[in-house]
Amino acid sequence: MPTWRADLHIHTALSGCAAVEMIPPLIVARAREQGLTMIGIADHNSAANTAAVVEAAADSICVKPGLELETRETVHLLCLFDTPAEALSLQSLVYQHLPHAPPPEHNPFGPHVIVGRDGVALGREYRPLFLATDLSLEEAITAVHERGGMVLASHVERRAHGLLGVLGFVPPEAALDGLEAGPGGLVADRIAGSDAHHLDEIGSRYTVFEADGAGVGDLRRCLAAGAFRTGVVV
Amino acid sequence: MTVKDIAETLGLEVLTAPEQLARDITGGCVSDLLSQVMGTAAEGNVWITIQVHPNVVGVASLLELAAVIIAQGQLPENDTLAKAHEQHLPVLTSKETAFTIAGRLYEIGVR
């Protein structure tokens with residue numbers, strides 16, 4: 001069965017805390033250098049740069065476009081799709097559920113830059129992507145699946161925004177496709193992703209999936225079967 | 001009442017922006033949900049929280065809060081402190097719970 005060496009959790013310059021170097025051509029180049037064959041693009045509460053990464057990648061690497069949704073409980077969910085259009089459909093919903101915030105004259109949250117496939121800045125996103133939506137965990141998970149995506153709880157052990165850190169347990173009725181470990185060591189049954197906010201973090205934590213294809217359906221089956229192993233690059 | 005006054009009265013440790021301690025305090029806010037703070041805190045308020053990530057500084061800076069008090073012995077992340085230095089935001093810490101800190105501030109007249 002084919003395998004995919006994947007880092008499903010990478011931010012671009014759209015995420016406030018991410019470096020400005022996180023632009024499509026550099027992300028793709030770095031990912032390929034690290035031997036990755038699949039990357040997930042997930043900025044906080046937005047998929048505005050995903051199409052640009054898909055275009056920059058051309059066919060050189062598989063890109064799963066998505067976003068990292070913050071639920072009302074402040075839990076982060078890694079939401080990934082097959083196409084930017086599907087990811088943008090979730091983005092529309094997320095944007096309706098973010099608080100309004102006036103565009104600040106100075107922005108202490110980082111650049112929030114929207115870029116084209118060559119990395120040139122096209123504009124800025126002034127919505128408060130760093131705040132929680134008012135979507136509950138359950139509403140968010142349902143919304144992702146309804147739009148053809150897959151959803152994992154990000155960095156679950158993390159005190160800030162990790163499902164286990166925030167709630168202390170995985171709600172049994174939560175229809176998550178999987179859990180992402182982090183920070184700290186690898187954990188059995190949890191995928192590993194870098195949560196890269198800087199280029200040199202890309203691929204530092206990765207998951208090797210055994211799947212017939214690279215579609216969301218394939219990956220969801222793979223996750224359900226536990227057909228993956230994880231690794232860390234020291 | 002200034003940030004310096006409450007730091008001394010409550011025995012809070014000042015981690016950043018000591019030059020901003022003369023700021024007057026206009027009130028207080030206790031919350032760990034950033035969106036709630038964005039919607040309710042006012043300029044010059046002191047914000048008590050156990051959140052330690054850098055977005056705390058972003059919110060405090062945007063709202064022009066007088067100071068952030070990190071409760072219950074939590075330690076701000078390094079990135080949080082770096083950002084607080086940059087934004088000239090006083091970050092103070094206490095081993096007491098948010099409940100106790102808020103109670104004591106209320107007692108000494110922070111409304």
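**Exercise 1. How many aromatic pairs does a search of the whole structure find over all chains? Classify them.**

Solution. Keep in mind that this is a predicted model.

- Step 1: the search turns up two aromatic pairs over all chains.
- Step 2: take A:F109 and A:F130, whose ring centres sit 3.5 Å apart with 10° between the planes, a stacked pair. The cut-off for stacked is under 30 degrees.
- Step 3: place them. A:F109 is in the loop between α3 (84-96) and β5 (113-115) of chain A, while A:F130 is in the loop between β6 (121-124) and α4 (137-146), so we have a link between distant parts of the chain, 21 residues apart. Both A:F109 and A:F130 are buried.
- Step 4: now A:F209 and A:F228. Their centres are 6.1 Å apart and the planes meet at 50°, so call this one tilted.
- Step 5: A:F209 belongs to strand β9 (residues 205-210) and A:F228 to strand β10 (residues 228-232) of chain A, so the pair ties together parts 19 residues apart in sequence.
- Step 6: check burial against the cut-off of under 20%. A:F209 has 0% relative accessibility and counts as buried; A:F228, at 16%, is buried too.

**Exercise 2. Describe the contact between chain B and chain A.**

Solution.

- Step 1: get the extent. Each chain brings 14 residues, and about 1100 Å² is buried between them, 65% of it on carbon and sulfur atoms.
- Step 2: find the top contributors. B:S35, B:N55 and B:L62 supply 34% of the area chain B buries here, more than any other three residues.
- Step 3: count polar links. There are zero salt bridges and one residue pair in polar contact.
- Step 4: look at chain B's side. α3(B) gives the largest share, five residues, and the whole side splits into six nonpolar, seven polar and one charged.

Technical notes
Residues numbered from 1 in each chain as written. Chains lettered and ligands numbered in written order. Predicted model: local features only at pLDDT ≥ 70, side-chain atom pairs only at ≥ 80, totals over all residues. Heavy atoms only, no water. Contact = heavy atoms within 4.5 Å. Buried area = accessible area lost by both parts, 1.4 Å probe. Salt bridge = Lys/Arg side-chain N within 4 Å of Asp/Glu carboxyl O. Polar contact = N/O pair within 3.5 Å; in protein donor to acceptor, adjacent residues only side chain to side chain. Helix = DSSP H or I, 4+ residues; strand = E, 2+ residues; numbered from the N terminus. Nonpolar A, V, L, I, M, F, W, Y, C, P; charged D, E, K, R; others polar. Phe/Tyr/Trp six-rings, centres within 6.5 Å; stacked < 30°, edge-to-face > 60°. Buried < 20%, exposed > 50% of the residue type's maximum accessible area, 1.4 Å probe, protein only.
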